Structures are given as C-alpha cells and as structure tokens.
Amino acid sequence: MTTSTVIGSDHKLDHSTHTPKEALDFIHFLNASPSPFHAVHEASVRLENAGFEKINEKQQWHLKKKGKYYFTRNGSSIVAFIVGGQFQVGQGGFSIVGAHTDSPCLKVKPVSKKEQQGYLEVGVQLYGGGIWHTWFDRDLGIAGRVMVEKHDGTFHHSLVHIKKPILRVPTLAIHLDGSVNDAFKFNKENHLVPILATTAKSVLNQKKRTDEEPSKHHPVLMHMLAEKMKIEVNQIHDFELCLFDTQPATLGGAYNEFIYSARLDNLGMTYCALMALIESDGIQDEKNIRLVSLFDNEEVGSTTAHGANSSLLPSTMERIVASMKSSVNTKVTFEQAIHKSMLISADMAHAVHPNYADKYEENHRPQMHKGTVIKINANQRYATTAPTSLILREIARQKNIPIQEFVVRNDSPCGSTIGPMLSAKLGLRTVDVGNPQLSMHSIRETGGVDDVKHGIDLLKSFFELFPHIDAKVIVD
C-alpha cells in the first residue's frame, strides 16, 4: 500500500485501491485554484513546463508551425494553442475546447466593513447561482488578486491565498428557530454575512493605523492580506477576493472512487481540457490549430471582456490566421477556417442522484465512472447537433472511450453553457459535453475518480483525430 500527500491537505490519501494518477493530479490542481486567478496561474505554470511560449495580446505575434503558445486576459481567462506542423492557411481549421474558470462563490464587497453586536463582519456579494445554504457553518478562507503598488510607482496584479479559516457564516440555533428542519430560510443580505472577529479581541490586538490605510475594510483584514503578501498595507490599492471552503479537495468513498471538493464545476473540465492539449500527440502531421480557451464569468452570463460572449475567441482565431500568412485575404481565409473547425464546449454534467432519480429523464441518467456526457437540448440550451455528436462518438469509438447522453426532463428547467453563444457568434459547429457530478453549485461537490481520465482521453483524442474524422462527415 502506498500513500501520498495532497497539496493543501494535512492528511495522507490511501491509494491501496489504485487511484488513477490523473485524479490525484486533479486534486493538486483544485487545491491550488481557490479563485479563477489562481486557476489561470496554475494553468500557466503547467503550460510553461510543457514548453508553451507566453505571448501578449498587446504585441505582434510571430507564430511558427509546431509552435506552442498561450496568453492570459485579465488574469482570469487563458488561451493556449498549438500550430499543426501541416497547417496551411485556407486549408486547415481549428480544433477547439472551451471551458470556464469561475464557480459560484461569495466575493468581498468594495466597502466590506461591518460591525454588529460585538462582531466584526465582512460584507460579501453573491457571485453566480450558488446553493447558498451550503455556505453556512463552513470554514472559509480568502483568495484572489490584489492590485499592489510597487516602489517604482507601478501597479501589479498579485495573487493572495489565505488558507487559514478566518471567516464563517454561523447558522441560528434550532432553539431560536424550530422550523429550520422543515425549511431553512434566510435573507441573503442580512444573514449571509461572514464573521471575521470579535470587537473585543480586535481592540486588544489593534495595530497602529496610518493615515494612508484604507477605511473601507477592517484593518485586521487589510493587515492579514499585507502580511501574507509581504507588503505594506498602503501598497494595497484594490482587490477582487473570493471566499472559499478551506477543507481541501480529497478522495472519498469506500473505494476512493469519489472526489469531494469545491469548484468541480467547472475546474473539472478546465483541467481535462488543459491536460488534453498538453498531452496531445502527432503535432508534426497535424493540419489544424489545436486550441483551448478557458473563460471567466460563465456563471454570470459570460458578457464581459474576458468571458465567452466577448471578442476573445474570435479575435484570437483571426489573429492566428493572419499571423501565419499576412499576404492573403485574412477575412476570407478566416471564414474558411471557421467552417473547417469544431468546438467542444466542456462544462460539467449532472450525474443521476440516487435519492432523486425521478428528477431525471428515465433514459438519460448519467452515472459516474461511465464516461463523459454528451448534452443535448431541443431548445438549444446546449449546442449539440447530430453531426457534431456523430463526430465525437466516432472519435470515442475509435479510441474505445466511454461516453453517455443527457437530456433534461420536459417538466424541468435546463441550464446552459458557453456552447450556444459561441456557436451563434462564430457560426461554429459545437458539441456540449461534461463529466458527471453530484451537488453542482454546492460549496462541496462530488465527482467520479475515473471520469477525470475519461475526460482527458476524450478531449485528447478529439485534438488528434478531428481533422481525419471530419473529412468523412458530409453536411452542406
């Protein structure tokens, strides 16, 4: 029997049942990514280690065949791509996987300083559609980006990650609310407010205040951030901070078959997309551009400068085509490339819940360990079509990779993804997929260990086989 330590955890994981290495590495990724900014940083490190060259949207690109490149936008979105060794402008297209880096969470308000009944509290905003009752009675840390003034007068995006449980949203005792087990009701503005400290202890431990120190936030919070980052408080000029559950991602279940963690939606598919691109083979003979785009702000509609409903993907694709051969008509060759391309919109899917099986359509109940799910919706909440589904199925068949299908019940609402908006924006063939999970949008979600490898294998095979399979599918 062997054990190993998971980053961010103080305990050992029992691997006596042969946990796949992909799942263990994914747990490392989860624990290193408490915010979209950290997820992008972690992705950047992995890309750099795999030989990808960092480029910048502000500068001219000089791309080469077989070249591996990446860039970030806003520090919370990242695009990585590989130019195929046989790519020809006007002949090749793009093999694209899109996912998102953000998850529902609590975010610190611009003016967060609150004090009630002898407690220091931190005002928070609700980001996305979280299952907010799951955030009560959890040990919460804080992470994100801080805009730091350097000694030369410049301002830099810097990351902070306080793993200590400094915040908590307590529930009301059952003695004071006897109906709590019938229906847990709360006001999101008044009751979902984390406690930072007691006023008494804050006074006893109060640090000397400077005139430059911001008054919008509790001094104790500002000093904790500064001490963690090894800077002075007056160097902090702004920040975007997420609260997160300090309990680390871990293996669970009798046979270590589950991954228990926050942010599986959608770091699960972010990780699979990233590793599929890094591990994909056959670059020398590749006729396409292999590209992964990991967007921020999907949970709030994607309409931001760094979300999927922006110019990020279209402008990137157009610049790649232009940089490879500037002497031809870029608009025409870009349009040609679009129609030789396909997008996999990769966002986690719903596994069948054993205690609520009646909430699922009887013939479409995805299970963990049985493969990535193709998501289909007649009302186009998902962008999957018969041709795109066929292409992916054929790729899976050739590589003997398991896949499943999901259709929501007719009497149930259906979520959506970045797939439909990108498909419409670009006129791009798209298929929606995701690994199955339970408790989506809870502070603590559940995924299947084997599905991490299934997801990587499927997306990797897409990169390697898409141009070959696509040539056999005839649709005008």
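This tour goes through one sheet and the helices around it, in a predicted model. Residues are numbered from 1 along each chain as its sequence is written. Local features need pLDDT of at least 70, side-chain atom pairs count only at pLDDT 80 or more, totals for chains, interfaces and linings use all residues, and side-chain values use heavy atoms, without hydrogens and water.

Start with the sheet. It is open and mixed, with five strands in the order 13-14-22-21-17. Strands (E, at least two residues) and helices (H or I, at least four) are DSSP runs numbered from the N terminus; two strands pair if DSSP finds at least two bridges between them. Select 250-252 and 349-350: these are strand 13 and strand 17, the edge strands, each pairing on one side only.

Next, select 258-261 and 445-448. Strand 14 and strand 22 run antiparallel here, joined by four bridges. Tyr260 has Thr446 of strand 22 as its bridge partner.

Now add residues 264-279. This is helix 5, which packs on the sheet and touches strand 14, strand 21 (436-438) and strand 22. Contact means heavy atoms within 4.5 Å.

Then show helix 10, residues 449-470. Helix 10 lies across strand 13, strand 14, strand 21 and strand 22, at about 65 degrees to strand 22. Angles run from 0 to 180 degrees between N-to-C directions, and axes are lines fitted to C-alpha atoms, for helices over the stretch in contact.

Finish with helix 1, residues 21-31, whose axis comes within 8 Å of that of helix 10 and crosses it at roughly 95 degrees. Helix 1 is therefore roughly perpendicular (65 to 115 degrees) to helix 10. Display Glu22, Ala23 and Phe26 against Val449, Val452, Lys453 and Ile456 to see the contact.

Terms used
Angles under 35 degrees count as roughly parallel, over 145 as roughly antiparallel, 65 to 115 as roughly perpendicular and the rest as oblique.
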